[in-house]
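Trainee: I would like to learn how to read a domain layout and a helix face from a model. Please take one feature at a time.

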Amino acid sequence: MDLLRLNEAALRSLQRSEQAEAYAVRSRTYAIYVDDGRVSNIEFKDDAGMSVRVMDGGRMGSAASTLGDDTPAKCARRAMQAASMSPVDATLRDFSVPRNAKVPRPDVLDRRISENGPEGLVELAEAIVSAASPAKVPRGLLRAALVETAVSNSNGVEVSQRSTMVYGHFTSMVMGTSPGEGVQSIHSNHLDMDADTIGSRLLVSARAHADAVSFRGQEELDMILPPSELEDMTLSSIGSALNGENMVLGRSPWKGLEGEQVTSGCLSIVDDPGSPSLLAGCYDDEGSPTEVRTLVADGELQGFMFDTFNGISTGNGWRREPNDPQGSYRMPVRIGPANLRIIPGRLSLDDMVAETENGILVERLAWPEVDPLTGRFGLELRCGHLIRGGEVVATVKNALLAGEMFNAWKDVKAVGSENVRGARTDVPPVSFAGARLVGV
Amino acid sequence: MMRDEMAVSIGVLVDAGADFCDIQLQSIEGLTVRSINGRLRDLEDRSAEGLRIRVWKGGRWGYASSVQVDKASLRRCCDEAMRNVRGDRPSVSMNAPVNVGDHRVRVGLDPSKVPLDEKVAAVLDLDGAQRMDGVLNRIASYSEETKSNILLNSAGTDVSWNEVRTRFRAMSVAADGPRVERYYDGPDGCRGFELVKDTDIEALGRRTAKEALAALKATAAPSGHLTVISDPMVTGLLAHEVIGHAAEADEVVKGRSFLSGKVGKTVASPLVSLADDGSVPYAHGSVPFDDEGSPSGRTDIIRDGVYSGYINDLVTANAMGVTPSGNGRAQDFGRRTWVRMTNTFIEPGGSSLDEIVAETKDGILCDKMVNGMEDPVGGGFEAKVLRGFIIKDGEVKGQVRSFTLTGQALEILRTVDMVGDRLELDGGMCGKGIEDWVNVSSGGPYLRSRIIVGGG
């Protein structure tokens, strides 16, 4: 199945429209589920689909479908029908125009994934479970996929890319009256992870959760966020503020602040699609070249991210979700980073703890998400380590960690030295001032 | 044609040694129309078709799914599912009740029969109705989805059904200098386009805009262990996150749920009764059959404060020796089928909202949820609330901005001392962990309890 040929067929059906774009994607996925320490499901998914967008007379419409014999023509017809019902929009911008790649092709293809069955994944899942012992692994998921995408449009864009991805999510618990649950996630393009390391982290995390006691009272303190929790808090605050659509709509708190200080001067933030990561590649899902861009330099805002709908594309228009390739043809294009990296600092995590007088080193939050409009957060602390005078003195849970993240980014106390790759970030631990912990 | 091929394949899989197997054929037709500030942002027509095969053998599922829906693909998926099924532990024998029939939902106005321009006009009208000084973003959206399913299994089940859902929603973002707040509202359910026709679009848009503007004047919520009156939406979030996820029997079977072994024990105030019911007419989470072909039904989870039962799929029902409750669900043909909620709610009691407020000396009244997160292992939860109102000496006072609720589920349910007299359900999407999204609703009455409140 040649995706570019399918795109050509769709575009041929739309020759009379002013502009047309076809996006085709195919993925071949194996997913291994672990329940109660044993592999319970082995799943194979063969997924393929297409999305077509049409612009004609200032009107735009789109249609998407799984791939069948008549899909290109069907999508073209339905997209035209949708466009014909759309009101005229004088501000519509062109789809991507052909441009050379700006980053070298990253190393994102692992033939062990693209050419083999599930056996390697099953072995890896079982090795992780074994390495976590005596903690048990009540739930685990290991997913690996070969993903092929192609974008073509009537402006002459014609790009195709292949990559592999591995996503893992494992939980761990030691038995007791109040066990708690540790978590470890895996994001990679390669089957290169060390099961012993992942397993031992699961064991440590499970024991920390089991030792945690309910936090009582409330206090102001510093918070140290590890990469696992900082990823979503970064994307929902900084990622949202850097989103060009939010800027255009006036709801980015950083609108109009280019060249000004928006975070602490010890922070520099780069979007790097050229390094291996789950969305790494030379082109985004609109066929615009991606580029390594410094978005915040020493705390100063350098620019925003755009797709073709909202401005001159910076190669940040995505349909794909990094952790799961299935169904991306059904997703609309949205602005986002490929691989948002916080440039690491010099302190180890131990040094960061030693430099904290009164704080909480977060191990795990229920759902580490910030309100993207207001920056406010109130997050259930599932496990954290209280710091007094530079030392961990207790492990706590059952509390809310609250604050305002845009202010917190302005009051960073330290940036850690060890980055960890997430789904679309690459961040170190960061220490912030001004959080509040609320318990019973 | 495909149905006949599916039946043949079931026989092939059984002959090849499957202890149990099923095949689902699913098609999904959907539309999203979304506008921002009068500009059409998304006009998307979506369709998908695929098949999914599951084979149970040796205590393990082998799955295969494909978007190629033909005889050759069916054969390839059978081979792949059999290849994936090698098991390594004693197998629960799969006794699946046999269901046969065709269930077509009837909606007032079939969305596929309504012209697209009428849907676009409704969205732009809802967008325009939010126009008000101080409103920065007017967002309006309409979405529809029709799922059609055929499912056959090796026990003899042969069912087909469809599901129709629509949603019509307004969201206003208001700004005053650097301060930005929002409000949303709008109906949803297993209904057709009558959902939009029955909506007073102008009133919905204006109300949404006004409430977003009012949020700009709200103060910070208090923090601490407080008396909380949850509205039906937040009560539903508590039902869903606090108890619902931990009542999923797969978590119980593997000892991951704090509700393991609680049947027959008092776990809540006697005022609390909680159920999951996939057969509530028109509710967003209703399904005629689950994705294993079991008919949906009602499961009493807590009755008068006493824990009653768990929700099940085929595997957990067989492991526990009970009848499947119709809760084996999947996001779509390409995703895992496992125990999931449908419509989860706390039953109404006997107090009016006015009575609950009048009886509250110091507290906070919640209004609308943002989202939540479960903790089946630790028994905690997180529930984000869009806004609230301070209650002082039995009267509603000033508005407070978004905040979060947390605490230990069973401790909270034991503190419930007043339950409202009217049940409302609100539709949404539920993930298990952080993915596998299915349509659900949750709800309940106004409910008074003691919960940890913190800034959000």
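Trainee: Which domains does the domain assignment give for chain A?

Mentor: Keep in mind that this is a predicted model. The assignment splits chain A into domain 1, residues 3-211, and domain 2, residues 214-438. Taken over C-alpha atoms, the centres of domain 1 and domain 2 of chain A are 22 Å apart.

Trainee: How many residues does the contact take from each domain of chain A?

Mentor: Domain 1 of chain A contributes 45 residues and domain 2 of chain A contributes 39 residues. On the domain 1 side, the elements giving two or more residues are β1, β2, β4, β5, β6 (182-188) and α5 (195-211) of chain A. Of these, β4(A) gives the most, with 6 residues.

Trainee: What is that side of domain 1 of chain A by class?

Mentor: The side of domain 1 of chain A that touches domain 2 of chain A has 19 nonpolar, 16 polar and 10 charged residues.

Trainee: Now the helix. Which residues of α1 of chain A are buried?

Mentor: A residue counts as buried if 20 or more other C-beta atoms lie within 10 Å of its own. In α1(A), residues 3-12, the buried ones are L3(A), L6(A), N7(A), A10(A) and L11(A). Viewed down the axis of α1(A), they fall within an arc of 140 degrees, so they line one face of the helix.

Trainee: Which residues are exposed on the other side of α1(A)?

Mentor: R5(A) and R12(A) are exposed there.

Trainee: And what covers the buried residues of α1(A)?

Mentor: The cover includes the strands β1 (19-35), β2 (38-56), β4 (139-153) and β5 (158-172) of chain A, along with the helix α2 (71-84) of chain A.

Methods:
Residues are numbered from 1 along each chain as its sequence is written. Chains are lettered from A and ligands numbered from 1 in the order in which they are written. This is a predicted model: local features need pLDDT of at least 70, side-chain atom pairs count only at pLDDT 80 or more; totals for chains, interfaces and linings use all residues. A residue is buried if 20 or more other C-beta atoms lie within 10 Å of its own, exposed if 12 or fewer, and partly exposed in between; C-beta atoms are placed from the backbone. Helices (H or I, at least four residues) and strands (E, at least two) are DSSP runs, numbered from the N terminus. The arc is that of the directions from the helix axis to the C-beta atoms. Two residues are in contact if their C-beta atoms, placed from the backbone, lie within 7 Å. Domain bounds come from an automatic or database domain assignment. Ala, Val, Leu, Ile, Met, Phe, Trp, Tyr, Cys and Pro count as nonpolar, Asp, Glu, Lys and Arg as charged, and the others, Gly among them, as polar.
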